[in-house]
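Work through the exercises below with the sequence and the model in view. Each task is followed by a solution in steps.

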Amino acid sequence: AGSGLGVILTLAASFFTDIRTSVILVSLLGFVIQAVKIVHFWKFARWDIIRWYLLLGIPLSVLGGWLLFFLPQRPLEIAVGLASLGFCLADLRPGKVRMVPSKGALVGIGALNGFLGGIVGNGALLRAPALLSFGLTKEVFVGTASVIAIFMNIGKTSVYLAQYSWTKEMVILLVAAVPVVSAGVYIGKRLLRFVHPVTFERILVALVFVGALRLLFFP
């Protein structure tokens, strides 16, 4: 699912645990997910986009991560669900929005991405449509998004680690998930070359849509 993997994993994890724990779990696994993807797609990353995107994105991801622990459970579920649904609706509009990756646009979108990502745990809900609007190819999209995501993750996860009440079960789950997630990203990279760009987007949107409905209507 490319950069959407973390979104899908957050929504899937919410079927088995509370949304706050899901957000934190997937953010920590995000280091593994993005690191593996960076290894495979490093050469495709657009650094002219990345550096301006992260200028305000990192500090605002820290602020968003701090707010995660002060929001009640149900409003947090609704926030994640609405953000996911917004991602899907944006993809269904008649014409694809195209933007020029100017410095101002990158700084502004990066700031929103960091803040939203800190609260809902995954900035791909905004980052994915933004990067796609720049007309990036599949490989460049995944490489650029992965580098951005791992740096954003450092900011918000520093807050999560300090605030979350850790349990033995959570630690075991994290350790057990690492090889599975790594294998999944590797297999996904192999399959990506056979997937048409339109099919790639439709699969991602369909999975996010199902998860959004679950959070909004079946808490």
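**Exercise 1.** Does Pro 129 count as buried, partly exposed or exposed, and at what relative accessibility?

*Solution.* The model is predicted, so local features need pLDDT of at least 70 and side-chain atom pairs count only at pLDDT 80 or more, while totals for chains, interfaces and linings use all residues. Residues are numbered from 1 along each chain as its sequence is written, and side-chain values use heavy atoms, with hydrogens and water left out.

Step 1. Take the cut-offs: buried is under 20% relative accessible area, exposed is over 50%, and partly exposed lies in between (1.4 Å probe, protein chains only).
Step 2. Pro 129 has 21% relative accessibility and therefore counts as partly exposed.
Step 3. Place the residue: Pro 129 belongs to helix α6 (residues 124–133). Helices are DSSP runs of H or I with at least four residues, numbered from the N terminus.
Step 4. List its contacts (heavy atoms within 4.5 Å). With neighbours within four places in sequence set aside, Pro 129 contacts Phe 87 and Ala 124. Pro 129 and Phe 87 are 42 residues apart in sequence, and their C-alpha atoms are 7.2 Å apart.

**Exercise 2.** Compare the span of helix α3 with its expected value, then locate its bend and its buried residues.

*Solution.*
Step 1. The expected span of a helix is 1.5 Å times one less than its number of residues.
Step 2. Helix α3 (residues 47–68) has 22 residues and should therefore span 32 Å; its end C-alpha atoms are 29 Å apart, which agrees.
Step 3. A bend at a residue is the angle between axes fitted to the seven residues ending there and the seven starting there. In α3 a bend of about 45° falls at Leu 54.
Step 4. Leu 54 is also one of the buried residues of α3, which include Ile 49, Ile 50, Tyr 53, Gly 57, Ser 61, Gly 64, Gly 65 and Leu 68.
Step 5. An α-helix has 3.6 residues a turn, so residues three or four places apart point the same way.

**Exercise 3.** How do α3 and helix α5 (residues 103–120) lie relative to each other?

*Solution.*
Step 1. Axes are lines fitted to C-alpha atoms, for helices over the stretch in contact, and angles run from 0 to 180 degrees between N-to-C directions.
Step 2. The axes of α3 and α5 cross at roughly 25° and come within 6 Å.
Step 3. This makes α3 roughly parallel to α5. Angles under 35 degrees count as roughly parallel, over 145 as roughly antiparallel, 65 to 115 as roughly perpendicular and the rest as oblique.
Step 4. The crossing of α3 and α5 is right-handed. A crossing is right-handed if the near helix is turned clockwise from the far one by less than a right angle, and left-handed if anticlockwise.

**Exercise 4.** Describe helix α8 and its packing against helix α2.

*Solution.*
Step 1. The 25 residues of α8 reach 36 Å from first C-alpha to last, close to the expected 36 Å.
Step 2. α8 bends by about 30° at Ala 177, and Pro 179 follows within four residues. Ala 177 is among the buried residues of α8, as are Val 181 and Val 185.
Step 3. α2 (residues 19–41) packs on α8 (residues 168–192) at about 40°, with axes 9 Å apart. α2 and α8 are therefore oblique to each other, and the crossing is right-handed.
Step 4. The contact includes Val 32 and Val 36 of α2, and Ala 177, Ser 182 and Val 185 of α8.

**Exercise 5.** Which residues does Val 36 touch, not counting residues up to four places away in sequence?

*Solution.*
Step 1. Val 36 lies in α2 and counts as buried at 17% relative accessibility.
Step 2. Val 36 touches Ser 182 and Val 185.
Step 3. Approach from the other side: Ser 182, in helix α8, is in contact with Val 32 and Val 36 when neighbours within four places in sequence are left aside.

Key. Helices (H or I, at least four residues) and strands (E, at least two) are DSSP runs, numbered from the N terminus.
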